[in-house]
Each structure stands twice: as structure tokens, then as C-alpha cells.
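Here is a chain to walk through together, from one pair of residues outwards. Have the sequence and the 3D view open as we go.

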Amino acid sequence: PTSSASVNMVLGGPQMGAAIVNEAKAVADLHQHYSYSFILSDNRFGCRLKGVPSAIMTHQLHLPIQNWFSRKLGNFLNHRLLAKFDHVIVPDVASSPRLAGDMSAPHPKTPTAYIGAVSRFSQNEREEPNKGMAIVLSGPEPQRTKLEEQILLELKQFPYSEKVSLIRGRPHKAPNLDKDLMESLANLGRVVEVYDYLGTDALMDVLAKAEIIVTRPGYTTVMDLAVLKRNAIFIPTPGQPEQEWLGKSLTTKGKGVCVKQSNLVLAKAIAQLQVLNKQDKSHNTAGENLLQNWVSDVLSKY
């Protein structure tokens with residue numbers, strides 16, 4: 001990918017078009033065997049079939065592209081594709097402030113239903129988190145590893161003595177952790193517990209207990225933290241404008257501290273988050289789960 005959204009759209013157009021065609025063919029083949037009465041697509045534009053009612057679930061109704069021409073072109077194409085469905089389902093709250101900000105505002109031509117945050121986690125009833133830090137990494141290489149190494153190096157440079165839980169995100173080809181670095185952290189009294197992957201219950205327990213959470217602002221993570229009523233230090237993956245948009249939007253709402261990976265000073269970000277956590281006592285939730293109500297309403301119509 002290049003730094004130009006317009007160029008990326010042009011370069012990625014054939015690949016995206018081929019994916020839509022392949023998805024449509026797969027759905028048509030499956031329909032021959034199962035005779036669908038309704039199709040629910042998880043952000044897949046090709047998962048629909050003429051003559052069969054359909055809905056698409058997405059929070060990307062308005063693409064956060066900075067360049068005016070790229071934004072107009074990208075959203076024109078995005079709206080055309082979304083309009084092919086009978087319904088748009090948005091995993092967000094209906095009224096402002098939304099988790100995804102303007103990105104999840106209603107679609108101009110298709111009925112839009114909001115179902116609240118969709119999370120694998122249950123509501124967090126803990127009033128005050130315990131001490132410690134949770135670092136949850138994800139995303140493509142090599143940026144995942146670069147951030148991991150950067151954070152571990154910074155842990156050597158300031159006196160954070162509380163336990164640190166590092167969840168590496170089960171990377172398929174991530175290199176082993178630097179043994180010398182880990183030994184030096186241990187010698188400095190930095191307790192770092194390393195997990196390649198944690199299941200739902202274990203991860204929820206780590207996040208609920210940590211005073212400081214460091215993570216990427218992917219939308220799934222944003223919804224999980226909203227359900228847990230937790231703020232975080234958000235470090236967008238370089239080259240992913242949606243994460244940059246979400247991170248800045250959450251910072252504006254007082255729900256986190258967004259820092260560019262290239263500008264990360266962990267001690268400074270932690271200090272900012274600690275101040276924010278003391279100020280933010282509302283922890284406005286993402287909204288109740290409205291999915292079941294929407295399903296019942298749709299089924300009554302078809």
C-alpha cells in the first residue's frame with residue numbers, strides 16, 4: 001500500500017471486485033443446497049443474493065478518509081455496495097457519542113439498525129481496577145513485533161514496578177522474545193508475564209484487573225473495552241486510517257489516550273491515562289444488546 005488513499009483504492013479495486021464476485025458465487029452455490037430465506041453478512045459485500053432478503057453488519061458506513069476526493073469516491077462506492085442490502089446493522093449505539101463517531105452514522109438510503117456493542121465479554125461490575133499493566137498486541141507483521149519490542153525497551157527506561165501482562169496475540173510468525181531484554185527487565189524488578197494467546201475468560205480477567213491497558217484501537221477491541229467500561233492507551237497500526245480515526249475519536253471523548261507508534265513515550269502516555277481514569281467516573285456503556293429485538297422484528301416481516 002501507498003500513502004495515498006486514492007492510489008490504494010485504485011490498486012485494490014480489482015482484488016476487492018474479485019472477492020465480491022467469489023463471495024456471491026459461494027452464496028449462490030450454498031443457496032442451491034439450503035434455500036436461504038434470509039442472509040446476514042458480516043461486512044462481506046458479496047454475501048447477498050437477488051430475491052433473498054439480506055442484511056449487512058458493519059460500522060464502516062462512512063469511510064474516514066482525509067483527502068476530499070478520495071473520501072467522496074470511497075464513500076460513493078461504499079454506499080452503492082451497502083445499498084444492495086435490505087438492511088444495515090451497526091454494532092454501535094444509535095445516538096452520539098457513538099463508539100465509531102461519524103463513521104457509524106446512518107446510511108443515507110438503507111434502513112439502519114443499531115444493536116449496541118457486540119462483545120465476547122460480559123459486563124464488568126468491578127468498581128476499581130487493580131494495579132498492573134495489560135499490553136494486548138495484534139495486527140499484521142512487522143508492525144506487531146516492532147511495537148512489542150518498542151514497549152519492552154521502554155519498560156527498561158522508567159520505574160514501573162507493577163506486574164505487566166503481555167498478550168502477544170498468537171502471532172503465527174512472530175520471532176521469539178529477546179532473552180537478554182527479558183532478563184534485563186527481570187533484573188530491574190520488572191515482572192512481565194508473557195502469553196501468546198488468552199481465551200475469553202482469562203483475557204477478560206486480565207483486562208478487568210489492570211490499571212493500565214495498552215492496545216491497538218481495532219473496533220472489536222474498542223467494543224470489548226466499552227463493555228468492560230475501561231479506558232486505554234491506543235496505538236494505531238501504522239497505515240490503518242480507521243484505527244487512527246477511532247483512536248483520535250475516543251481520545252476526544254475522554255475514553256482513552258491515542259499515541260502514534262512513532263511518537264510513543266510510554267511513561268508519558270501512562271501518566272495521561274492515569275489522570276484520565278481519575279477524571280472519568282461515568283464509564284458510559286456502549287448500550288444494551290438490541291440484536292435480539294432486531295432479529296424478532298425482521299423475522300416478523302419475512
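**Starting in the sheet**

Let's begin with a single pair: I135 sits opposite L166 in β6. The strands β5 and β6 pair in the parallel sense, over four bridges. Keep in mind that this is a predicted model.

Now widen the view. Strands of a sheet pair through backbone hydrogen bonds, and they can do so in either a parallel or an antiparallel way. Here six strands make an open sheet with parallel pairing, and the order across it is β7-β6-β5-β8-β9-β10. At the edges you'll find β7 (192-195) and β10, each of which pairs on one side only. Going from strand to strand, neighbours in this sheet are turned by 15 degrees against each other on average, if you ignore direction.

What packs on this sheet? One answer is α3, which touches β5, β6 and β8. The direction of α3 makes about 170 degrees with that of β6.

Next, take a look at α8, which covers residues 266-279. With 14 residues, α8 reaches 20 Å from its first C-alpha to its last, close to the 20 Å expected at 1.5 Å a residue. Which of its residues are buried? They are L266, A269, I270, L273 and L276. These buried residues cover an arc of only 125 degrees around the axis, which means they lie on the same side of α8. Turn to the other side of α8 and you meet K268, K278 and Q279, which are exposed.

So what do the buried residues of α8 pack against? Their partners are β5 (133-136), β8 (212-215), β9 (232-234) and β10 (256-258), plus the helix α3 (143-155).

Helix α5 (residues 200-209) has its own buried set, made up of L203, V206, L207 and A208. The cover over those residues of α5 includes the strands β5, β6 (164-167) and β8, along with the helix α6 (219-228).

Let's leave the sheet for two single residues. N75 has its place in helix α2 (residues 68-82). Is N75 buried or exposed? Its relative accessibility is 10%, so N75 counts as buried. Not counting residues up to four places away in sequence, N75 touches L61, H62 and L63.

W245 is the other one, and it lies in helix α7 (residues 241-252). Its relative accessibility is 32%, so W245 counts as partly exposed. Setting aside neighbours within four places in sequence, W245 is in contact with P64, A100, D102 and M103. Take M103 from that list: W245 and M103 are 142 residues apart in sequence, yet 8.9 Å apart in space, C-alpha to C-alpha.

Finally, step back to the whole chain. Its secondary structure comes to nine helices and ten strands. Of the 302 residues in the protein chain, 43% are buried. Looking at contacts with a separation of 6 or more, residues 24 or more positions apart account for 68% of them. As for the outside, the protein chain exposes about 16,600 Å², and carbon and sulfur atoms supply 54% of that area.

Key: Residues numbered from 1 in each chain as written. Predicted model: local features only at pLDDT ≥ 70, side-chain atom pairs only at ≥ 80, totals over all residues. Heavy atoms only, no water. Helix = DSSP H or I, 4+ residues; strand = E, 2+ residues; numbered from the N terminus. Expected span 1.5 Å × (residues − 1). Buried < 20%, exposed > 50% of the residue type's maximum accessible area, 1.4 Å probe, protein only. Arc of directions from axis to C-beta. Contact = heavy atoms within 4.5 Å. Areas by Shrake-Rupley, 256 points an atom, 1.4 Å probe, with all protein chains shown as cover. Pairing = 2+ DSSP bridges. Axes fitted to C-alpha atoms, helices over the stretch in contact; angles between N-to-C directions.
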